[in-house]
Amino acid sequence: MERIKSSASRRSNLAPVSSEPDLAYPSSGPDLTAQAPPTDNPEEAIKVIWGTNVSILESMAAFTDFLRNFRVKYRIQHDRSRNVHHPAQLDPENGERRLYQGYLRTMRLTSQTSLNLDTTNLAAYPPTKKLYNQLLKYPQELVPIMDHVLKDCMIQLAQDDLDDELARGDEGYTLTQDEVDDMNAHVYMVRPFGFEAVNMRNLNPSDTDKLCCIKGLVIRATPVIPDMKTAFFRCLTCSHTMQVGIDRGRISEPSACPREVCGSVGTMSLIHNRSQFADRQVIRLQETPDVVPDGQTPHTVSLCVYDELVDLAKPGDRITVTGVFRSVPVRVNPRQRTVKSLFKTYIDVVHIQRGDGKRLGLDKTTRAGDPKIPGVAGGVGIGGDMEDEIIIGADGYAQGLDSADGRSRAAVLEDKLKELSQREDLYEYLARSLAPSIWEMDDVKKGILLQLFGGANKTVERGGGGGGPRYRGDINVLLVGDPGTSKSQILGYVHKIAPRGVYTSGKGSSAVGLTAYVTRDPDTKQLVLESGALVLSDGGVCCIDEFDKMSDATRSVLHEVMEQQTVSIAKAGIITTLNARTSILAAANPVQSKYNPNWPIARNIDLPPTLISRFDLLYLVLDRVDESLDRQLAQHLVGLYLEDAPVAAALDFLPIEMLTAYITYARDHINPVITEAAGNELVASYVAMRRVGEDSRSSERRITATTRQLESLIRLSEAHARMRLSKLVELKDVEEASRLMREAIRASATDPVTGLIDIDLLNTGAGQQQRKLHADLKREITAAIDGLGTKSVRWADMLKSLNEQSTVQIDVTEFSTVVRELETEGILKVSGERDRRTLRKARND
């Protein structure tokens with residue numbers, strides 16, 4: 001039982017197997033367990049787990065029977081008895097297939113050593129219902145037993161397959177005796193999962209040493225810690241060597257050489273490179289915001305992961321963890337045996353499940369180093385994952401995994417998604433399925449839908465900087481509009497389905513809260529870097545509400561994130577650059593709550609133009625008065641409150657699980673390439689957008705598009721091609737991307753004075769017309785001051801005089817800005833305060 005020995009440090013040792021002793025002093029209380037009659041024959045002794053009446057032999061026999069004879073029909077029947085929906089079986093023989101026989105053969109073929117065990121199957125199989133309850137109460141003893149049974153079944157199944165091959169004389173797949181013998185050297189592990197998740201606040205002392213399941217958000221993961229399993233000592237005098245195992249987390253160093261000839265005291269030296277270590281990592285798991293009770297702060301719990309599970313969960317991941325709830329005493333002084341009465345608790349993890357059916361899968365391009373990206377189940381081992389659900393019988397390996405029946409659930413889902421992609425109205429159908437409770441706003445939903453699909457991240461090989469620059473494929477969207485136009489509702493919906501999504505508010509966020517902050521680790525007392533919201537949402541979507549109410553210091557960190565997609569840190573001696581490959585979806589309100597169409601966009605929202613220009617799509621969501629539209633909106637909203645059946649429910653839309661599966665499949669498998677025709681159309685669209693700025697009456701040209709708009713066009717075209725599951729970016733993709741871009745620019749970059757498009761309104765905050773008015777006003781003030789000579793003029797009189805000469809009303813803010821510039825240039829001087837301010841020509845002494 002190799003696994004029992006290797007698991008000794010993280011789970012308690014398997015209790016000594018013994019028969020029940022004869023009671024010298026019988027208890028006066030009732031017999032709680034049946035006592036076995038005493039016997040002198042050790043073969044007749046009942047081997048039980050210490051302190052219980054759980055028979056080891058019965059548990060091994062029950063689990064062996066489960067691995068060999070469990071059929072799918074037991075799970076179907078169990079689900080139906082609990083009123084759990086189960087898909088209909090097209091083939092009646094599918095219910096008779098032995099599920100775990102196929103898993104064990106797949107483990108052998110793929111050289112896997114871990115089996116993900118769905119404990120619901122244990123409860124569904126009648127002979128193992130008792131074992132299910134025992135596993136829940138005594139996991140430290142039963143999991144090593146299951147490991148031992150799994151290894152025996154693997155070897156026995158391989159031997160049976162080898163005998164069948166030799167009997168049939170097959171030449172296709174040859175299983176040699178050496179491969180069967182090599183399996184004896186492997187350590188096989190059972191990783192149970194599938195228990196009902198409980199809130200981490202509900203873990204009580206009564207749950208200690210029991211199997212539990214919790215959900216949460218990973219906020220910190222330590223580096224890999226080498227955990228010593230076996231120490232190797234060598235005598236410095238006679239070079240005698242010996243190995244010492246770990247005992248309750250400690251290695252007892254020999255005080256003297258055990259060799260009788262030598263017996264030297266204090267000469268045993270630890271040889272590190274001959275000792276055996278296991279990988280260990282400590283993870284901090286925090287409650288997700290949706291389960292935190294009212295008025296309380298999120299609760300955290302420590303997780304200890306080992307070997308294959310190390311580095312599987314990264315900060316920002318939402319995971320479901322199954323493990324043993326453990327408690328350890330805390331010493332008052334390491335040199336004394338006194339311990340505190342309060343114990344520290346943690347969870348020894350046996351299984352990690354990452355992701356959720358209602359959320360999008362994470363971006364695989366941000367996890368290039370992962371050996372296997374976990375989907376529904378754990379990232380290691382066989383079983384529980386959709387790709388592992390191979391529909392084969394007990395003799396399926398003889399037919400081959402490529403047989404007509406050898407299809408997995410993932411393959412069936414893939415066929416459904418490809419069939420969905422052939423719909424003529426796919427674009428409108430998916431946009432309608434996004435936040436169906438929100439009425440209209442079709443273009444906004446289409447833009448956010450393309451943001452969820454995203455463009456392709458690219459690295460130009462022949463560029464500069466060691467392999468070329470990385471061009472982002474993430475799309476940033478900004479929603480600006482009047483109050484009560486469902487901006488926050490859309491952000492909340494996207495946050496619920498986005499992978500690694502983080503939701504934050506502008507006023508409640510600080511610069512270090514968005515990027516990273518330095519804190520002191522409570523265990524090691526060292527300074528460590530904690531990830532902020534943008535770093536935690538790496539590979540996902542960061543939703544920022546009340547974007548206009550951010551402080552300038554907080555907003556300044558977004559410039560680097562939105563273009564370079566990194567966060568540079570230099571604080572407390574820690575100098576590093578963190579990845580923040582995230583899409584940003586922000587919502588902002590106008591300065592005066594109501595959007596003023598007579599003001600340019602940069603004045604309506606208090607944001608720097610350099611930040612506004614980094615958004616690919618900027619939508620104005622305005623509340624316009626229209627009786628027919630108001631009536632339809634009111635009917636839709638009242639229908640939601642009355643029956644939870646909006647008027648839009650008459651139109652069909654996709655369930656959220658299927659929508660997230662479709663987007664995840666497209667992001668994982670589709671990386672579209674731009675065709676020559678699409679490339680020519682991109683160039684033509686960009687040139688056409690630039691040509692809009694030409695004006696024969698003026699020598700100065702308005703800038704109506706920049707290279708940022710061209711890159712946005714490329715990203716939107718790739719996202720539209722991904723939505724169609726197309727490997728090529730075609731002409732219609734570019735046309736739709738160009739239409740979305742034109743609509744967004746027409747709404748946000750239109751000069752309110754001239755009614756013409758001027759992209760400088762977004763890039764610099766002032767369009768061509770504003771710059772011309774600014775220059776004219778500056779010239780007129782300078783001329784008026786020169787005409788006064790040494791006299792001074794009141795501020796209000798100068799403004800009134802200019803207004804009488806001008807055909808356009810002069811804005812007070814614009815007048816103040818020009819006067820401040822002239823004072824800086826030394827042309828005039830301002831005296832007094834507020835209403836008593838006067839202007840006069842500056843003297844050149």
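## Aromatic rings, a helix and a sheet

Visitor: Let's start with Tyr125: buried or exposed?
Guide: Tyr125 counts as buried, with a relative accessibility of 5%. Keep in mind that this is a predicted model.

Visitor: Sure. How many aromatic pairs turn up in the whole structure?
Guide: A search of the whole structure gives 12 aromatic pairs. One of them joins Phe66 and Phe70, whose ring centres are 5.1 Å apart.

Visitor: How are the planes of those two rings set, and why is the pair called tilted?
Guide: The planes of Phe66 and Phe70 are at 40°. Stacked needs under 30 degrees and edge-to-face over 60, so a pair in between counts as tilted.

Visitor: And are Phe66 and Phe70 buried or exposed?
Guide: Phe66 is buried, at a relative accessible area of 0%, and Phe70 is buried as well, at 1%.

Visitor: Back to Tyr125, then. How does its ring sit against Tyr74?
Guide: The centres of the Tyr74 and Tyr125 rings are 5.1 Å apart, and with planes at 75° the pair is edge-to-face. Tyr74 belongs to helix H3 (residues 72-81), whereas Tyr125 is in the loop between helix H5 (119-124) and helix H6 (129-137). The pair therefore ties together parts that are 51 residues apart in sequence.

Visitor: What about the accessibility of Tyr74?
Guide: Tyr74 is partly exposed, with a relative accessible area of 21%. The charged end of Lys73 also sits over the Tyr74 ring, 5.6 Å from its centre.

Visitor: Which residues do the ring pairs link into a cluster?
Guide: The cluster holds Phe63, Phe66, Phe70, Tyr74, Tyr100, Tyr103 and Tyr125.

Visitor: Where does the charged end of Arg423 sit?
Guide: Over the ring of Tyr429, 3.8 Å from the ring centre.

Visitor: New topic: helix H12. What does it span?
Guide: Helix H12 covers residues 442-453, which makes 12 residues. From first C-alpha to last, H12 reaches 17 Å, close to the 16 Å expected at 1.5 Å a residue.

Visitor: Why would you call H12 largely enclosed?
Guide: Because 10 of its 12 residues are buried, H12 is largely enclosed by the rest of the structure. The buried ones in H12 include Lys445, Lys446 and Gln451, along with Val444, Ile448 and Phe453.

Visitor: What follows H12?
Guide: Gly454 does, and its phi is positive, near 75°.

Visitor: Now the open sheet. What's the strand order?
Guide: The order is S24-S26-S25, 3 strands with antiparallel pairing. Strand S24 (792-794) and strand S25 (828-831) are the edge strands, each pairing on one side only. From one strand to the next, the twist averages 25°.

Visitor: How many bridges hold S24 and S26?
Guide: S24 pairs with strand S26 (residues 838-841) over 3 bridges, in the antiparallel sense. The bridge partner of Arg794 in S26 is Thr838.

Visitor: Which helices lie on or across those strands?
Guide: Helix H27 (residues 795-805) lies across S24 and S26 and runs at about 80° to S24. Helix H28 (residues 812-824) packs on the sheet, where it touches S25 and S26. The direction of H28 makes about 115° with that of S25.

Visitor: Last one: where is Met689?
Guide: Met689 is in helix H22 (residues 676-691) and is buried, with a relative accessible area of 9%. Met689 and Leu710 are 21 residues apart in sequence, and 9.6 Å apart in space from C-alpha to C-alpha.

Methods
Residues are numbered from 1 along each chain as its sequence is written. This is a predicted model: local features need pLDDT of at least 70, side-chain atom pairs count only at pLDDT 80 or more; totals for chains, interfaces and linings use all residues. Side-chain values use heavy atoms; hydrogens and water are left out. Rings of Phe, Tyr and Trp (its six-membered ring) pair if their centres lie within 6.5 Å; planes under 30 degrees apart count as stacked, over 60 as edge-to-face and the rest as tilted. Buried means under 20% relative accessible area, exposed over 50%, partly exposed in between (1.4 Å probe, protein chains only). Helices (H or I, at least four residues) and strands (E, at least two) are DSSP runs, numbered from the N terminus. A charge sits over a ring if NZ of Lys or CZ of Arg is within 6 Å of the ring centre and within 35 degrees of the ring normal. The expected span of a helix is 1.5 Å times one less than its number of residues. Two strands pair if DSSP finds at least two bridges between them. Axes are lines fitted to C-alpha atoms, for helices over the stretch in contact, and angles run from 0 to 180 degrees between N-to-C directions. Contact means heavy atoms within 4.5 Å.
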